[in-house]
Each structure stands twice: as structure tokens, then as C-alpha cells.
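Please open the model in your viewer and keep the selection tool at hand. The tour goes from one stop to the next, and at each one you will be told what to select and what is there.

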Amino acid sequence: MNEFAMYASDLLDGRKALVTGGGTGIGKAIATGLSMAGADVVIAARRAEVLDETAAEITAMSGRPVTTDLVDIRDLDTVTALAQRQGDIDILINNAGGQFPQKARDFSPNGWRTVIDLNLNGTWNMVQAFGNIMLDAGGGSICNIVATVGRGIPGIAHSASARAGVVELSKTLAYEWGPKVRINCVAPGQFRTDAYDNTYEEGVGDGFVEQPLPHVGHVSDIANAAVFLVSPTARFITGETLYVDGGLTVQGPMSALPPGGFPERNEPSPHR
Ligand SMILES: CCCCC/C=C/C(=O)SCCNC(=O)CCNC(=O)[C@H](O)C(C)(C)COP(=O)(O)OP(=O)(O)OC[C@H]1O[C@@H](n2cnc3c(N)ncnc32)[C@H](O)[C@@H]1OP(=O)(O)O
Ligand SMILES: NC(=O)C1=CN([C@@H]2O[C@H](COP(=O)(O)OP(=O)(O)OC[C@H]3O[C@@H](n4cnc5c(N)ncnc54)[C@H](OP(=O)(O)O)[C@@H]3O)[C@@H](O)[C@H]2O)C=CC1
């Protein structure tokens, strides 16, 4: 079974989709899912070689051409230039993002600012640049990839705050832009992409064995959720966040630090 071919191959025929961070990991999976469902896909990020290699791989699977383009979502000038080149899109997937794990008490001012700038301001740069074009052109659909916000994410307080901001932004724009543009979020649980494995220490996220679906997700699980949300199948859904996390958020918050990462939690509580 091809896990990226869960939908009809003409579901998104005639639609153009842009995926930020589409060269690797989850973004690559989403771009693959969109291409398999018939969309004309553009993948955009900072590294041209990675994008070109991925575009060729997707085309080999779907048989459809995939275009590449460059953007740094933190740099408004490059976002504006991308919107001028690729503005005729119907679907925008804001997947580019990331953070470093660190206890909040140790964040430097620049560390905090960097993660907020990437995940909240960067996403906003893309949403406003492309959303305005969609509004003028008559419509479109946006999907923001966030994280399992709602119960806290110990070890990445900066990113949790930024992603919660994106969720609230999406709900607000769902109303403001409602008649024309749908905007939803997908919240991934733990997905063992190369970036994940390079960033997090052994044991981080191992709480998945306690979650209702006790295994690690496959990137196609995110792709299939995102394709659903931007497709006509979800035409009456906007302002929603779809958690694709094996039920993790039913169980409790996910920690980005390894087991024992918060030894102070074993000290007697001073609260009376
Ligand atoms: C169970 C876990 C749940 C987690 C759910 C999410 C999972 C995932 O997202 S998986 C993908 C994981 N991979 C990533 O997210 C990697 C992406 N991260 C990055 O690309 C970078 O870390 C960055 C973009 C967030 C920052 O890179 P850059 O812009 O190059 O930043 P600088 O090196 O210039 O540093 C700016 C500022 O931030 C401080 N800093 C950077 N890295 C760390 C670190 N590892 N630990 C502590 N602080 C860090 C850096 O020191 C700078 O601050 P100042 O020193 O005060 O200037
Ligand atoms: N894997 C997981 O378990 C989870 C992941 N997420 C989020 O899902 C998204 C994808 O994660 P994943 O695939 O694992 O990680 P990756 O690091 O593989 O994906 C991030 C992508 O974004 C691009 N990117 C990063 N910064 C910028 C920028 N400033 N401008 C443009 N593109 C940028 C990168 O390409 P390039 O360097 O070429 O620019 C890269 O392709 C991220 O937002 C991540 O935080 C959320 C929860 C869990």
C-alpha cells in the first residue's frame, strides 16, 4: 500500500499548492500527498539542493512536476518576493519551523526571540502575504503545521507559545476571512524525522507507549490530515486544529527534555 495515495488522484486537480519546508520530513510528506492527489506543488525553503532532490523524488512517485523556490520565512522581503512569483496558489501549507529544547529558565532573550520569530512571525509573514492575494483572487485554503499545544510542552516553552499563537491566529482569521479563505491547523505528536532525531536526546517522547495508540506516527499520517483539510472534502471546516498524535493529548503533555530532565520536580514543594 502506498501511504501517500489514500485519496483520489484527481481530488486536487487544477489546484496549485505551496508547502514551506517542503524539502524534508513532514513538509516533504505533505508535498508528496498533495502531488499524489493531483495538485501542482511548489516546495519552498532556504536550501535549493535539498528542494531539488525532493522535487525529483516526488515526481518519480506521482508522475507530476514539482516546482522549487527559495524563501526564508523570517525575512519579509523574501516572503514578499515569493508571493510575487507564486501568488496564484489555491493552497498554502505553512510547515517550516522548529526550535531547540531548553528549560525556560535558561532561555536567553535572543533564543526566545529567534523561536518566536521563526514560528509565529514567520508563519504570519506567509499567511498575510498569500492570504491577501487569496482574498483578492476569490478564495483559497491554508493549513498551518503547529505542535500539540493546549496542555503545555515542557522543554520548548518558546515554541509552545508561538504555536499557540498560530492556533489563535488561525481561529481569528477563520472568522475574518471566512467566506473566502479557510484556515486550519494540524498538530503533530511525535514523528521521527531526521530533524527530530538530530535535535532530541534518546528517550525524549518515549511517553508514546502510554498513549491510546501506542506507537510513533508515520509522516504520511500528517500528510493525509493536511490534504484532507485543504481539500473540498473539508469545505465546511475552518478554524480547527486537528491533533494527529495517537491520542497523546488525551494522556497528558509531551516533554521535549529526556526523562529526568526536570530533577527539581522531585524536591519537596515549598507551596503551602
Ligand atoms: C517530544 C518533543 C516534542 C517536540 C515537538 C516538536 C518537534 C520538532 O519540531 S521536530 C524538528 C526538530 N528540529 C528542529 O526543530 C530544529 C530546528 N531548529 C533550528 O533550526 C534552530 O535551532 C533555530 C532555527 C530554532 C535557531 O537557529 P538560528 O536562527 O541559526 O539561531 P542561532 O544559532 O543564531 O541562535 C539564536 C539564539 O538562540 C540560541 N540557541 C540556538 N540553539 C540553541 C540551543 N540548542 N540551546 C540553547 N540556545 C540555543 C542561541 O544561543 C542564540 O541566542 P544568544 O546566544 O543569546 O544570541
Ligand atoms: N517531527 C515532529 O515530531 C514534529 C514536528 N513539528 C513541526 O513540524 C514542522 C516540520 O518538522 P520536521 O519535518 O520534523 O523538521 P524539518 O527540520 O525537517 O523541517 C523544517 C523545514 O523547514 C525549513 N525551514 C526552516 N526554517 C526555515 C525558514 N526560516 N524559512 C524557510 N524554510 C525554513 C527547513 O528547510 P531549510 O533548512 O532548507 O530552509 C526544513 O525543510 C516543523 O515546524 C516542526 O517544528 C511539530 C511537532 C512535532
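Begin by selecting strand E1 (residues 16-20) together with strand E4 (residues 91-94), and you will have two strands that run parallel and are joined by three bridges. Bear in mind, as you look, that this is a predicted model. Within this pair, pick out Leu18, whose bridge partner in E4 is Leu92. If you now colour E1 by burial, you will find the strand mostly covered, since four of its five residues are buried.

Keep E1 selected and add strand E2 (residues 40-45), which also runs parallel to E1 and is joined to it by five bridges. Here the residue to click on is Thr20, which stands opposite Ala44 in E2. Next, add helix H1 (residues 25-36), and you will have the three elements E1, H1 and E2 that make a right-handed β-α-β unit.

Return to E4 and select strand E5 (residues 140-145) beside it, where four bridges join the two strands and the direction is again parallel. In this pair, Asn94 stands opposite Asn144 in E5.

With these pairs in mind, which order do the strands follow across the sheet? Show them together, and you can read E3-E2-E1-E4-E5-E6-E7, an open sheet of seven strands with parallel pairing. At its edges lie strand E3 (66-70) and strand E7 (241-244), each of which pairs on one side only. Ignoring direction, neighbouring strands of this sheet are turned by 20° against each other on average.

Now select helix H4 (residues 109-137), which packs on the sheet and touches E1, E4, E5 and strand E6 (181-188), with its direction making about 175° with that of E4. Then move to helix H7 (residues 219-230), which packs on the sheet as well, touching E4, E5, E6 and E7, while its direction makes about 165° with that of E6.

Finally, zoom out to the whole chain, which holds eight helices and seven strands. The radius of gyration is 18 Å, close to the 19 Å that the globule rule gives for 272 residues, so the chain is as compact as a globular protein of that length. Its C-alpha trace spans about 60 × 40 × 40 Å along the principal axes, and 44% of the 272 residues count as buried. Among contacts between residues at least 6 apart in sequence, 77% join residues that are at least 24 apart.

Notes:
Residues numbered from 1 in each chain as written. Chains lettered and ligands numbered in written order. Predicted model: local features only at pLDDT ≥ 70, side-chain atom pairs only at ≥ 80, totals over all residues. Buried ≥ 20, exposed ≤ 12 C-beta atoms within 10 Å, placed from the backbone. Pairing = 2+ DSSP bridges. Right-handed = clockwise from strand over helix to strand, strands pointing away. Axes fitted to C-alpha atoms, helices over the stretch in contact; angles between N-to-C directions. Contact = placed C-beta atoms within 7 Å. Rg over C-alpha atoms; globule rule 2.2 N^0.38 Å.
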